[in-house]
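Me: Please take a close look at one part of this model, the surroundings of the ligand, and then follow the chain outward from there. I should like a single connected account.

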Amino acid sequence: MNEAKLIQLPKILDERGNLSFIEKGRGVDFDFKRVYWIYDVPGGEVRGGHAFREQEELIVALSGSFDVVLHDGTVECRYSLNRSFIGLYVPKMYWRRMENFSTNAVAMALASTLYDESDYILDFETYLKWKDNNA
Ligand code: TYD
């Protein structure tokens, strides 16, 4: 099983403003098929709270900050994202939620799959059982 990890994205410093990009093979190894982003999150709200059977993701705080809390079935780990040149790679089969959104936070996610409702596991107990059976 792949590990969750923070990835430093290319960063082109420029007096006119910095530029970063995501390119397959430069820290990101999966094929991405979809991009979505979460924004205008009211204070205190939590997004996510599910796991994906197949989908892998790279999550980037394009603006502002938020936390991604990952659970691998055994251990929980919190990642605070607040730089637009850092991506969090989230492999499939991790339980995840996103919280502590700052004002104007924009969470962008590159996903390895097209949207598929049946890929979601929405209940934590079901996730733990499913994880045990698919370890
Ligand atoms: P969801 O992934 O459940 O968001 P969260 O886990 O943060 O609450 O998505 C919320 C809604 O948006 C849900 O009705 C499905 C829809 N959606 C799409 O249609 N396409 C997408 O790519 C995503 C991520 C969500």
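Reply: A strand, in this account, is a DSSP run of type E that holds at least two residues, and strands are numbered from the N terminus. The model is a predicted one. His50 is found in strand 5, and this residue is a convenient place to begin.

His50 belongs to the group that surrounds the ligand, together with Arg34, Tyr36, Arg47, Gly48, Tyr115 and Tyr120. By class, this shell divides into three nonpolar, two polar and two charged residues. Polar side-chain atoms approach the ligand at several places. A polar side-chain atom of His50 lies 2.7 Å from an oxygen atom of the ligand. For Arg34, an N or O atom of the side chain is 2.5 Å from a ligand oxygen. In Tyr120, a polar side-chain atom lies 2.5 Å from an oxygen atom of the ligand. Taken alone, the ligand exposes 520 Å², and the protein buries 56% of that area. Two elements give two or more residues to the shell, namely strand 4 (34–38) and strand 5 (47–52). Strand 5 gives the most, with three residues.

Is His50 itself buried or exposed? Its relative accessible area is 9%, and residues under 20% count as buried, so His50 is buried. Leaving aside residues up to four places away in sequence, His50 touches Tyr94, Trp95, Arg96, Tyr120, Ile121 and Leu122. Tyr120 is thus a contact of His50 and also a member of the shell around the ligand.

Arg96, another contact of His50, leads into the next part of the picture. Arg96 lies in strand 10, and at a relative accessible area of 3% it is buried. The side chain of Arg96 is joined to that of Glu57 by a polar contact of 3.0 Å. With residues up to four places away in sequence again left out, Arg96 touches Tyr36, Gly48 and His50, as well as Gly49, Phe52, Glu57, Ile59, Val68, Val69 and Leu70. Tyr36, Gly48 and His50 are also among the residues that surround the ligand.

Strand 5 and strand 10 take part in covering helix 1 as well. In this helix (residues 124–133), the buried residues include Tyr127, Trp130 and Lys131. Viewed down the helix axis, the buried residues fall within an arc of 105 degrees, so they line one face of helix 1. Their cover includes strand 5, strand 7 (66–71), strand 10 (95–99) and strand 12 (120–121). On the face turned away from the buried side, helix 1 carries the exposed residues Lys129, Asp132 and Asn133. Lys129 has a relative accessibility of 57%, and its C-alpha atom is separated by 9.1 Å from that of Gly73, a residue 56 places away along the chain. At the start of the helix, a side-chain oxygen of Asp123 reaches to within 3.4 Å of the backbone nitrogen of Glu125.

The loops on either side of strand 10 complete this region. Met93 is found in the loop between strand 9 (86–90) and strand 10. Its phi is near 70 degrees, a positive value in a residue other than glycine. Met93 counts as buried, at 11% relative accessibility. Asn104 is found in the loop between strand 10 and strand 11 (106–111), and it too is a non-glycine residue with a positive phi, of about 70 degrees. Asn104, however, is exposed, with a relative accessible area of 61%.

One further contact returns to the neighbours of His50. Asn2, found in the segment before strand 1 (5–8), is partly exposed, with a relative accessible area of 46%. Asn2 touches Glu56, Tyr89, Pro91 and Tyr94, not counting residues up to four places away in sequence. Tyr94 is also one of the contacts of His50. The C-alpha atoms of Asn2 and Lys92 are separated by 8.0 Å, although these residues are 90 residues apart along the chain.

Methods: Residues numbered from 1 in each chain as written. Predicted model: local features only at pLDDT ≥ 70, side-chain atom pairs only at ≥ 80, totals over all residues. Heavy atoms only, no water. Near = heavy atom within 4 Å. Polar contact = N/O pair within 3.5 Å; in protein donor to acceptor, adjacent residues only side chain to side chain. Areas by Shrake-Rupley, 256 points an atom, 1.4 Å probe, with all protein chains shown as cover. Helix = DSSP H or I, 4+ residues; strand = E, 2+ residues; numbered from the N terminus. Nonpolar A, V, L, I, M, F, W, Y, C, P; charged D, E, K, R; others polar. Buried < 20%, exposed > 50% of the residue type's maximum accessible area, 1.4 Å probe, protein only. Arc of directions from axis to C-beta. Contact = heavy atoms within 4.5 Å.
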